[in-house]
Amino acid sequence: EEERAFLVSVEKEELAEELLAELAELARTAGVKVAGQIFQSKRFGSTSSYLGKGKLEELNQHLQNTHANVLICDDELTPAQLRNLEESTGIKVLDRTGLILDIFAQRAKSKEGKLQVELAQLQYLLPRLSGQGQALSRLGGGVGTRGPGESKLEMDKRRVRQRIHFLEQQLQEIRKHRMTQRLQRIRSGLPLIALVGYTNAGKTTFLQKAMEQTRAKGENLSGENKLFATLDPTVRSLNIRPDRQILMSDTVGFIQKLPHQLLNAFLATLEEVQNADLLLHILDASHHQALEHADTVHAILKELNCADKPTITILNKIDKVKQSTDLNRLAQQLAHPIPLSLLQEKSLSPVWNMIEELLP
Ligand code: GDP
C-alpha cells in the first residue's frame, strides 16, 4: 500500500513554513508521498497530545479528506504523545527523529554505518515500546519500521536490550580497527581534508568532480538529488598537483535538529573531521537559508571542537543565485569563500590553490 503522509509542526509561525518544507523533503527522501500539512502556533501546543484539541479536530478532518495513512510530526514526540496521537487519529504516527532514522536505515552502506544506525534506532525505540513487550507491529510495515538492510524492527524490550549490547560490542571492535587505519594514515604523512556541509549542498558532486580531475584511486560516487546520499565516511586520495597528494574524507550531511541519538552514533565517524588538517565546507549559496545552513554546520563543528580549524567555504550553485548582493553577503561572512558552480565549472584549480595556500 502506498504511504501518504500528512505533516504537522508546532512552531513559531515564522519558522513553521521552512521547517515543514524541510520535513516534506525528508519525507520524500524516505519514499513517502506528502498529502498535506498544517502547523499549530507554539503557544497552543499540548504537552500530552502534541496538538491542542481544536487543532486535533482540524487534523482529523484533513486526514479524512486526503486519505493520509501516516502522520509525521516535526518534533521529537514523547512516548505518551506518540501513543495519544495514534489513538486519536487512528493512523501510524512518526516523529522527525523516527523519520530521519528511517532514512539513515535505508541508506547505510558500510558495516559500521549499518550497526550505528541500528543502534540509534533501538535506543530511540526502547522507551517507546509498551510495557507488555509489544513491539512495533501495531505500526505495520513501511516508513519508521525499517531497519538497516532488510531487518525489521520488531522486538520486545528484553531482546532490544540484548541487541543493543551486542551492537555496542561489535562497534567497539570496528573502532579498534579504525584506529589502526588512522595510524597508518598518519604515518603516510599526507594531509587530510574533510568535506563538511549541509545535506544536498553538493559534497558528493564535489568529490566526484575532484576524483575525475585528479585521476585518484577509488570508486565512483553518484550524486543524488536526495538528502543523505552520503552516509559513511570514506577517505580517498587525490593528486591535486603532480607533487601534491592529499587525502579527502566525506562525512554525513549535517542537518537542523539532527537527532541526538544519531549525532552520538556518528560522533565516531565525525572523528575524521577532528583529525583533519583543513575543512572544506560546501554550501548551497542559492538556498534562501544558506546562512542558517552555514550556522548549523558551524554549531556542529563547534560541538566537535573543530571551530578553529582552517576552513575553505565553497559557495556552490552560483548558477542558481539570482541576486549578486546575496552572494557578496555570504562571501563577507564566511571563511575563505570560493564562489563556483560544481555543475558548470570546468576546473577546480581555485580550490586546489587555496588548499595549497592554507596547508601548513
Ligand atoms: P550532498 O548531499 O552534499 O552530497 O549533495 P549532492 O552532491 O548529492 O548534490 C545535491 C544536488 O545538488 C544534486 O542534484 C546535484 O546535481 C545538485 N548540484 C550540485 N552542485 C550544483 C551546482 O553547482 N548547481 C546546481 N544547480 N545544482 C548542483
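## Exercises on a predicted model

In this predicted model, helix α10 is followed by N305, a residue with a positive phi near 60°.

**Exercise 1.** Determine how the length of helix α10 compares with the expected span, and identify its buried residues.

*Solution.* Step 1: helix α10 covers residues 290–303, which amounts to 14 residues. Step 2: at 1.5 Å a residue, 20 Å is expected. Step 3: from the first C-alpha of α10 to the last, the helix reaches 20 Å, close to that expectation. Step 4: taking buried as under 20% relative accessible area, the buried residues of α10 are A290, L291, H293, A294, T296, V297, I300 and L301.

**Exercise 2.** Establish the strand order of the open sheet of 4 strands, and explain why β2 and β4 each have one side without a neighbour.

*Solution.* Step 1: the order is β2-β1-β3-β4, and the pairing is parallel. Step 2: β2 (33–41) and β4 (92–95) stand at the edges; each has a single partner strand, so one side of each lacks a neighbour in the sheet. Step 3: from one strand to the next, the twist averages 20°. Step 4: β3 (residues 70–73) runs parallel to β4 and is joined to it by 4 bridges. Within this pair of strands, I72 stands opposite L94 of β4. Step 5: helix α1 (residues 13–29) packs on the sheet, where it touches β1 (4–11), β2 and β3. The direction of α1 makes about 150° with that of β1.

**Exercise 3.** Classify the geometry of the aromatic pair formed by F206 and W352, and locate both residues in the chain.

*Solution.* Step 1: the structure holds 1 aromatic pair. Step 2: the F206 and W352 rings lie 6.0 Å apart, centre to centre, with 65° between the planes. Step 3: an angle over 60 degrees counts as edge-to-face, and the pair is classified accordingly. Step 4: F206 belongs to helix α7 (residues 203–214) and W352 to helix α12 (residues 349–358); the two residues are 146 residues apart, and the pair thus links distant parts of the chain. Step 5: both F206 and W352 are buried.

**Exercise 4.** Assess where the pLDDT of the model is high and where it is low.

*Solution.* Step 1: the protein averages a pLDDT of 84, and 86% of the residues score at least 70. Step 2: among the elements, strand β9 (residues 311–316) has the highest mean pLDDT (98), whereas helix α8 (residues 260–267) has the lowest (70). Step 3: residues 132–137 have pLDDT below 50, with 12 contacts in the model beyond near neighbours in sequence. Step 4: residues 216–232 also stay under 50, and the model has 61 contacts for them beyond four places in sequence. Step 5: where pLDDT is low, predicted coordinates should not be read in detail.

Technical notes
Residues are numbered from 1 along each chain as its sequence is written. This is a predicted model: local features need pLDDT of at least 70, side-chain atom pairs count only at pLDDT 80 or more; totals for chains, interfaces and linings use all residues. Side-chain values use heavy atoms; hydrogens and water are left out. Two strands pair if DSSP finds at least two bridges between them. Axes are lines fitted to C-alpha atoms, for helices over the stretch in contact, and angles run from 0 to 180 degrees between N-to-C directions. Contact means heavy atoms within 4.5 Å. The expected span of a helix is 1.5 Å times one less than its number of residues. Buried means under 20% relative accessible area, exposed over 50%, partly exposed in between (1.4 Å probe, protein chains only). Rings of Phe, Tyr and Trp (its six-membered ring) pair if their centres lie within 6.5 Å; planes under 30 degrees apart count as stacked, over 60 as edge-to-face and the rest as tilted. pLDDT is the predictor's confidence in each residue, from 0 to 100.
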